Amino acid sequence: MSTVSDLAAAGPLLPDSMRLFIREEVDSTNDEIRRLGLNGSPDGTILIADRQTAGRGRRGAKWVCPPGEALAFSVLVRPAEAKALWPRLALAAGLAVAEALESYGVEAGIKWPNDVWVGAKKICGVLVESEGDFAIIGIGLNVNPVSFPDDLVVTATSLAIETGSAVDRAQVLGTVLQRLERSRHQIGADFPHLLRAVRERCVLTGKRIRLHAADGLREGFCEGVGDGGELLLSVNGCVERILQADEIRLAE
Ligand code: BT5
């Protein structure tokens with residue numbers, strides 16, 4: 001049975017520069033949109049699928065996305081900004097999702113670099129990848145699931161759980177994409193504005209955290225997000241600039 005028909009209602013809500021493609025099932029929306037990008041699809045192409053057979057997070061981690069309930073989509077962007085700045089797109093996407101959730105009355109935080117949290121639970125994950133002259137912003141957002149697999153029960157939440165009722169998925173998609181249309185252009189000269197909004201929502205700031213950096217395990221006090229978008233970690237009185245990290249956990 002088709003569960004995607006509700007998503008078509010997002011079309012008219014999209015910024016003029018975006019084009020939405022809806023699929024019942026793909027392997028991963030990031031992989032499918034990569035194929036579209038390699039075939040020349042333009043900036044602003046959006047691909048959403050109701051089912052992913054190989055939806056993934058970073059380093060191949062599995063992403064859970066119940067059909068008909070959650071949102072899994074990817075945005076193809078061909079940024080004018082230098083490639084070195086493209087990792088900032090993860091912060092731009094996190095901010096767009098956080099702002100969209102706030103419009104539903106839910107207080108959302110950004111867990112650097114690629115999660116959106118409500119309270120201490122994950123409601124959204126972002127996977128930014130690049131390929132040649134384009135980047136892919138993959139977003140998985142728990143809109144209406146009210147239950148999760150055992151391994152996620154304690155750590156995951158959804159918009160429906162937080163608001164107490166089911167929410168129109170197409171409306172949420174449209175709201176996120178409207179916000180993303182602004183934030184994705186703030187990775188260059190306008191980055192200070194993006195940064196200010198991210199800093200206001202950074203859930204790690206002021207907390208003791210543990211993470212896997214490129215050169216090993218670190219534990220320290222998070223001083224916030226630096227001017228380039230990196231995480232500032234104070235370890236034994238020295239502030240380290242963390243550009244990439246996995247498995248960031250609160251140590252308390
Ligand atoms: C992420 O990775 O959080 C990025 C997830 C991106 C998913 C989107 S869906 C559309 C697009 N197409 C794709 O194939 N991917 C993107 P990471 O930080 O590595 O976190 C992965 C971890 O999040 C998993 O190992 C689980 O512990 C947890 N997780 C999986 N599904 C979840 C869910 N629905 N809600 C909350 N946590 C989840």
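Strand E6 gives the most to the shell around the ligand, with 4 residues. This is a predicted model, and in it the ligand takes up the space of the largest pocket. Here's a quick tour of the ligand, its pocket and the runner-up pocket.

**Who surrounds the ligand**

- The shell around the ligand counts 27 residues, and the closest are Ser28, Arg56, Arg58, Val64 and Lys122.
- Sorted by class, that shell holds 12 polar, 10 nonpolar and 5 charged residues.
- Besides E6 (121-131), helix H1 (29-38), strand E3 (71-77) and strand E7 (134-141) each chip in at least two residues.

**Polar contacts with the ligand**

- Ser28 brings a polar side-chain atom to 2.7 Å from an oxygen atom of the ligand.
- Lys122 also uses its side chain: one of its polar atoms there sits 2.7 Å from a ligand oxygen atom.
- With Arg58 it's the backbone that does the job, with an N or O atom lying 2.8 Å from an oxygen atom of the ligand.
- On its own the ligand has 800 Å² of accessible area, and the protein covers 88% of that.

**The largest pocket**

- This is where the ligand sits, and the pocket holds about 1100 Å³ of space.
- Its lining is made up of 42 residues, with Ala61, Trp63, Asp115, Lys122 and Leu152 nearest the centre.
- Two or more lining residues come from each of H1, E3, strand E5 (115-118), E6, E7 and strand E12 (245-250).
- E12 has the largest share of this lining, at 5 residues.
- Break the lining down by class and you get 17 nonpolar, 14 polar and 11 charged residues.
- Lys122 turns up twice in this story: it's among the residues closest to the ligand, and it's also one of those nearest the centre of the largest pocket.

**The second largest pocket**

- Next in line is a pocket with about 750 Å³ of space.
- It has 28 lining residues, and Pro87, Ala90, Pro113, Leu243 and Gln244 are the ones closest to its centre.
- Helix H2 (88-102), E6, strand E8 (208-213) and E12 each give two or more residues to this lining.
- E6 leads here, supplying 5 residues.
- By class, the lining splits into 15 nonpolar, 7 charged and 6 polar residues.

**One strand to remember**

- E6 is the top contributor to the ligand shell and also to the lining of the second largest pocket, and it's on the list of elements that line the largest pocket too.

Definitions and conventions:
Residues are numbered from 1 along each chain as its sequence is written. This is a predicted model: local features need pLDDT of at least 70, side-chain atom pairs count only at pLDDT 80 or more; totals for chains, interfaces and linings use all residues. Side-chain values use heavy atoms; hydrogens and water are left out. A residue is near a molecule or strand if one of its heavy atoms lies within 4 Å of it. A polar contact is a pair of N or O atoms within 3.5 Å; within protein, one must be able to donate a hydrogen and the other to accept it, and residues adjacent in sequence count only if both atoms are side-chain atoms. Accessible areas come from the Shrake-Rupley method with a 1.4 Å probe; for residues, only the protein chains shown count as cover. On a 1 Å grid over the protein atoms alone, a cavity is a set of points where a 1.4 Å probe fits but cannot get out, and a pocket is an open set with protein on both sides within 12 Å along at least five of seven lines; lining residues have an atom within 4 Å of a point. A molecule sits in a cavity or pocket if more than half of its atoms lie within 2 Å of its grid points. Ala, Val, Leu, Ile, Met, Phe, Trp, Tyr, Cys and Pro count as nonpolar, Asp, Glu, Lys and Arg as charged, and the others, Gly among them, as polar. Grid points are joined across faces, edges and corners, and a volume is the space filled by probe spheres set on the points.
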